[in-house]
Amino acid sequence: MSTAATVSTGRNGRGPIVVVLAVLTVQVIALALSLAAGRPTAYALFMLASAAVLAYAADAGPTGVAAATLGSVLLVALAFPLALFAARQDPTLVAAKLTDPAVHRMLYLSIYAPLLATLFALVTGVPLAYLLAEGFPGSTVVQSVVDLPLVVPHSVAGIVVLFGFGAGGAFPRLSVLGTVVGAVLALTFVSAPFAVDGAREAFESLDPAVVHAARVHGANPISAFLRVSLPLSARGILTGAILTWARAVSEFGAVAIVAYTIRFFYPPAGEVVRSAHAPVFIYQSYLSGSLAESGAISFILLGVSVAIFLAIRTAAQERGRVL
Amino acid sequence: MIEVDLALTVDGTGTDPFSVRAALSVADGETLVVLGPSGSGKSLLLEAIAGVREASGSVAIDGSDVTERPPEARGLGYVFQEYALFPHRTVLENVAFGTRYHESTREPMAVLDDLGVADLAERSPDTLSGGESQRVALARSLVIQPDAFLLDEPLAALDAPTRAELRGVLADTLADETAIYVTHDRTTARALGDRVAVLDSGRIRQIGSAKTIFERPASPFVARFTGANCLPRRTVPPSLRERFPEATHVAIRPEHVRISDVETEGTIRGTVVRAIREETAHRVTVARDDCRIDVLTDRPPSAESVAIALPEEHCHPIEADEPQRADQSLL
């Protein structure tokens, strides 16, 4: 890895894929060896050392080596538990959970409800983001209201949603406790700020001259928005949407209070079933079952989340010019 | 025909708001160049005329009042300094952008062909050079056959050879069009302007034919910004002081000042500060009192102290209200 090729390409951080694969392979082998020897700590130290060696091989200088070493401390803190977590799962238990209908229902609900929350946040949040980017009297107050859920503790958010939309709330005929509607409301409450902020930043970074060009050459405000502003902001809006969805999938506190278990229509079975939002489901299995069992379910959820994230990113890149 | 009488105010860079007030009219087929330094309000004025910036007052195009109309209904074309092409569309899609909104349009490919960029049709704007981008931007406006063109420093972002080339393209394209062209570049102003309006701090200081603006500036500011020498009264020879008894300053263009071999009553003596080779001549800067006089000459002087002649027929008297301003020139 300390070849001339590594040295010449390593500094801009985009070495050939061969180098990346080689480094990854070495890391996986080192992890496997340290686990086989029953000494996971050795792998953490190996990560630190390999970062320093790689930086040195890439001719990064003393500052670069120091930065890489310090940075890899954070990497160890983030990636090490994940690596150990993945490595320590029992494959047979994961396989069993993969075929468990209860897990299927949970996964369906945990993708479906955040998706509804994301769509709701996009449909209502993108227009609001556009207005916020344009600026209007009082827009800073509105912006604060939008961002408020980010600083509200999530269990408090759940209580707030119950007071606002539950019995005696804004919509007396709306049933939120233990329903998909309640779950979506809670998820939207905690995750919508990401959709609004992502779209607002995209609109703010538009070149005003480009929008003016659209207007002067014939487009009315709606046409200019649809043909120019929206496509040029699509990447930012998509990023906001992914963050919104990811935040909603990972939400625990608010959902646990509003909809600890959820009754919903499950198409594969063609009937109304009961399950829980993934983080709540995992918490339940942790309380009632074992760490091993909740670990296996977590592993599956992690895999599904990463797969969906990568799928969206790839799709967006294939759209290329627009997104 | 464009008739404009506008006032607008924006937040300035300092504590004071910045305001622009301008009344001007452009005849059919005429190019009016609005010449002014950066921050003089040229672009703001253009945006207000296009309707993309709020302003009070009125804008009339070909006799109809468009003040209350949105930008898309004013019948204008607009060319921007940084091109403002739609980055997510091909060159051809950019040029054809306005066709769906206008009844009578030109064939986009034909316009691209006229401007010599037909081969770029399927390219993405981010692969174009500055000169190519600006041709495409110009084509986008030409396609919708606007009643008038607004051009915001379309040459400013280009390198010198491309700028000179595109200046020729613009001169051909705008020859019979009604246009307002804003720039800080006096070379472009003189090349393209049928008439020139000099804008400073949001106010028009002088408006007239290019020849008038460049040879008969109304104020020291206009003189210096158009590249003329502006000599305070005490610096000019006595004969000129007698000739222009009311003048506080005398303006004369560098190409009309001569370095004289003989010292007479009509010459003044100064010290050569520097001589720079320009495209076709030497620009010799001569210091006299605390005034600097530029001379364009074929042969730079060898002596350090020279006599310069200010031919009376090329001298233009200025009666400045604010003599102080004259010495605080931007140039």
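The following exercises, each with a worked solution, concern a predicted model.

**Exercise 1. Helix α3 of chain A**

Determine whether the end-to-end distance of helix α3(A) agrees with its number of residues, and establish how its buried residues are arranged around the axis.

Solution. Step 1: helix α3(A) runs over residues 40–57, which makes 18 residues. Step 2: at 1.5 Å a residue, with the span taken as 1.5 Å times one less than the number of residues, the expected value is 26 Å. The C-alpha atoms at the two ends lie 26 Å apart, so expectation and model agree. Step 3: the buried residues of α3(A) are Tyr43(A), Ala44(A), Ala51(A), Leu54(A) and Ala55(A). Because these buried residues cover an arc of only 110° around the axis, they lie on the same side of α3(A). Step 4: their packing partners are α2 (17–36) and α4 (61–87) of chain A. The face turned away from this buried side carries Thr41(A) and Leu45(A), both exposed. Step 5: just after the helix, Asp59(A) adopts a positive phi of about 60°.

**Exercise 2. Helix α10 of chain A and the contact with chain B**

Describe the side of chain A that touches chain B, and identify what covers the buried residues of α10(A).

Solution. Step 1: the contact involves 16 residues of chain A and 19 residues of chain B. Step 2: on the chain A side, the elements giving two or more residues are α10 (208–216) and α11 (221–249). Helix α10(A) supplies the largest share, six residues. Step 3: by type, this side of chain A divides into nine nonpolar, four polar and three charged residues. Step 4: in α10(A), seven of the nine residues are buried, among them Val210(A), His212(A) and Arg215(A). Step 5: the cover over these buried residues includes α11 of chain A, as well as α1 (42–50) and β6 (76–79) of chain B. Step 6: just after α10(A), Gly218(A) has a positive phi of about 125°.

**Exercise 3. A sheet in chain B**

State the strand order of the three-stranded open sheet in chain B and characterise its pairing.

Solution. Step 1: the order is β11-β12-β18, and the pairing is antiparallel. Step 2: β11 (229–232) and β18 (316–318) of chain B each pair on one side only and are therefore the edge strands. Step 3: the twist from one strand to the next averages 30°. Step 4: β11(B) pairs with β12(B), residues 249–252, over four bridges. In this pairing Asn229(B) stands opposite Ile252(B).

Note on methods. Residues are numbered from 1 along each chain as its sequence is written. Chains are lettered from A and ligands numbered from 1 in the order in which they are written. This is a predicted model: local features need pLDDT of at least 70, side-chain atom pairs count only at pLDDT 80 or more; totals for chains, interfaces and linings use all residues. Two residues are in contact if their C-beta atoms, placed from the backbone, lie within 7 Å. Ala, Val, Leu, Ile, Met, Phe, Trp, Tyr, Cys and Pro count as nonpolar, Asp, Glu, Lys and Arg as charged, and the others, Gly among them, as polar. Two strands pair if DSSP finds at least two bridges between them. Axes are lines fitted to C-alpha atoms, for helices over the stretch in contact, and angles run from 0 to 180 degrees between N-to-C directions. A residue is buried if 20 or more other C-beta atoms lie within 10 Å of its own, exposed if 12 or fewer, and partly exposed in between; C-beta atoms are placed from the backbone. The arc is that of the directions from the helix axis to the C-beta atoms.
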